[in-house]
Amino acid sequence: MPIISMENVWYTYNRGTPIQTPALSGLSLDISRGGFVALAGHTGSGKSTVLRHLNGLLLPHRGRVLIEGSDTRDKSFRKGLWTRVGLVLQYPERQFFEETVFREVAVGPDNLGLSPGEVEDRVLEALAVVGIDRRLAKETSPYALSGGEQRRVALASVLAIRPGVLALDEPTAGIDFRGRQRIFEALVELKRHQGATIIMASHNMDDMARMADQIVVIKEGRALLEGTPRQVFASHGLVREAGLSLPFPSEVMARLREKGFNTGTPALTVDEAAEEIINNMGARKTGQ
Ligand SMILES: Nc1ncnc2c1ncn2[C@@H]1O[C@H](COP(=O)(O)OP(=O)(O)OP(=O)(O)O)[C@@H](O)[C@H]1O
Ligand SMILES: [Mg+2]
């Protein structure tokens, strides 16, 4: 059974008013336990709206969302859903309300009813994962941090709850390369050691190619294309139709192909692209 199942979900913001905006139009999606799924799509395609359905923040107008087989419309199930599905919003700075970073990250574990010692352990662990200094955390307001640090605090707040599903909306936007690496390493760890299922909306094709084991391309509120990064990025036409670019190495290889270069499987990484170019040129390593 998939851990998450969205079945023919329809959602319209401000429904029934003159400013109604359709966001999801019959979207279906299955996510397996322990998967790392990336949602790709042009701005306004519905990625954030999908994520907001996973923790019951939004409920479908038509269709249904099942988490471990339970419907998010079931009120009593929804009450405890925040402990199962952790959502990190696209603009996390809008969700801070505590005076210090430490207190902010402690909100979730506090609400789980853990002892003060356990809360402290969870907070320190989550801060370590995202690379925020614990002393800084006790003295600083989340609003005093940079955008990248605020994103990491928002992620720590959710990690401290230890949900089985992490729903991350553009988790690395505005974070530099090293910060991005750190977050991805942390996510891979969580997947490996806690069996977490990760679903992430992103604009970064290279990150998705590297990290995800499944990519879902969304266009106008529907899943247009779905598969492994290699399958998805091999469908250049559909990817472009969705208003997206290819990962940089795949783009280079696609351009070479257009110029008559005879390349095989689509390269996802720089190493793969280099390998293909060398093979294609018939060049041999000189061993130097
Ligand atoms: N809170 C809201 N109120 C009204 N309309 C909204 C709201 N949030 C999103 N929309 C509209 O719903 C549609 C889908 O938006 P959504 O934010 O889910 O897209 P997205 O793929 O996350 O975009 P982005 O890449 O820019 O984050 C868009 O037309 C958007 O304008
Ligand atoms: Mg969004």
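The exercises below work through one predicted model, each with a stepwise solution.

Local features need pLDDT of at least 70 and side-chain atom pairs count only at pLDDT 80 or more, while totals for chains, interfaces and linings use all residues. Residues are numbered from 1 along each chain as its sequence is written, and chains are lettered from A and ligands numbered from 1 in the order in which they are written.

**Exercise 1. Overall build**

Task: describe the secondary structure, dimensions and burial of the chain.

Solution.
- Step 1. Count the elements. The chain has twelve helices and ten strands. Helices (H or I, at least four residues) and strands (E, at least two) are DSSP runs, numbered from the N terminus.
- Step 2. Take the box. Along the principal axes, the C-alpha atoms fill roughly 65 × 55 × 35 Å.
- Step 3. Test the radius of gyration. It is taken over C-alpha atoms, and the globule rule is 2.2 Å times the number of residues to the power 0.38. For 288 residues, a compact globule would have a value near 19 Å; the chain has 21 Å, which agrees.
- Step 4. Check burial. A residue is buried if 20 or more other C-beta atoms lie within 10 Å of its own, exposed if 12 or fewer, and partly exposed in between; C-beta atoms are placed from the backbone. Of the 288 residues, 38% count as buried.
- Step 5. Check contact range. Two residues are in contact if their C-beta atoms, placed from the backbone, lie within 7 Å. Among contacts between residues at least 6 apart in sequence, 62% join residues at least 24 apart.

**Exercise 2. The core and helix H3**

Task: find the residues with the most contacts inside the largest nonpolar core, then place Val105 in its helix.

Solution.
- Step 1. Fix the term. A nonpolar core is a set of buried Ala, Val, Leu, Ile, Met, Phe, Trp, Tyr and Cys residues joined through C-beta atoms within 7 Å.
- Step 2. Read off the core. The largest one has 73 residues, and Val105 and Ala156 have the most contacts inside it. In soluble globular proteins, nonpolar side chains tend to be buried together.
- Step 3. List partners. Not counting residues up to four places away in sequence, Val105 touches Val123, Ala126, Leu127, Val153, Ala156, Ser157 and Ala160.
- Step 4. Move to H3 (residues 101-111). Its buried residues are Val101, Phe102, Glu104, Val105, Ala106, Gly108 and Pro109.
- Step 5. Find the cover. It includes H4 (116-130), H5 (134-139) and H6 (147-159).
- Step 6. Look past the end. Just after H3, Gly113 takes a positive phi of about 80 degrees.

**Exercise 3. The two sides of H11**

Task: sort residues of H11 (248-258) by burial and locate the buried ones around the axis.

Solution.
- Step 1. Pro249, Ser250 and Met253 are buried.
- Step 2. Seen down the axis, the buried residues of H11 fall within an arc of 100 degrees, so they line one face of the helix. The arc is that of the directions from the helix axis to the C-beta atoms.
- Step 3. The face turned away from the buried side carries the exposed residues Arg255 and Glu258.
- Step 4. Cover for the buried residues includes H9 (229-234) and H12 (270-281).
- Step 5. Gly260, just after H11, has a positive phi of about 95 degrees.

**Exercise 4. The shell of ligand 1**

Task: describe what surrounds ligand 1.

Solution.
- Step 1. Use the cut-off. A residue is near a molecule if its C-beta atom, placed from the backbone, lies within 6 Å of it.
- Step 2. There are 14 surrounding residues; the closest are Tyr13, Thr43, Lys47, Ser48 and Thr49.
- Step 3. Strand S2 (21-31) and helix H1 (47-54) each supply at least two. H1 gives the largest share, three residues.
- Step 4. By class, the shell has three nonpolar, ten polar and one charged residues. Ala, Val, Leu, Ile, Met, Phe, Trp, Tyr, Cys and Pro count as nonpolar, Asp, Glu, Lys and Arg as charged, and the others, Gly among them, as polar.

**Exercise 5. Positive phi outside glycine**

Task: characterise Asn14 and Arg162, neither of which is a glycine.

Solution.
- Step 1. Asn14 has a positive phi of about 50 degrees. Its place is the loop between S1 (4-13) and S2. Asn14 is exposed, with 9 other C-beta atoms within 10 Å.
- Step 2. Arg162 has a positive phi of about 55 degrees. It is found in the loop between H6 and S7 (165-169). With 18 C-beta neighbours inside 10 Å, Arg162 counts as partly exposed.
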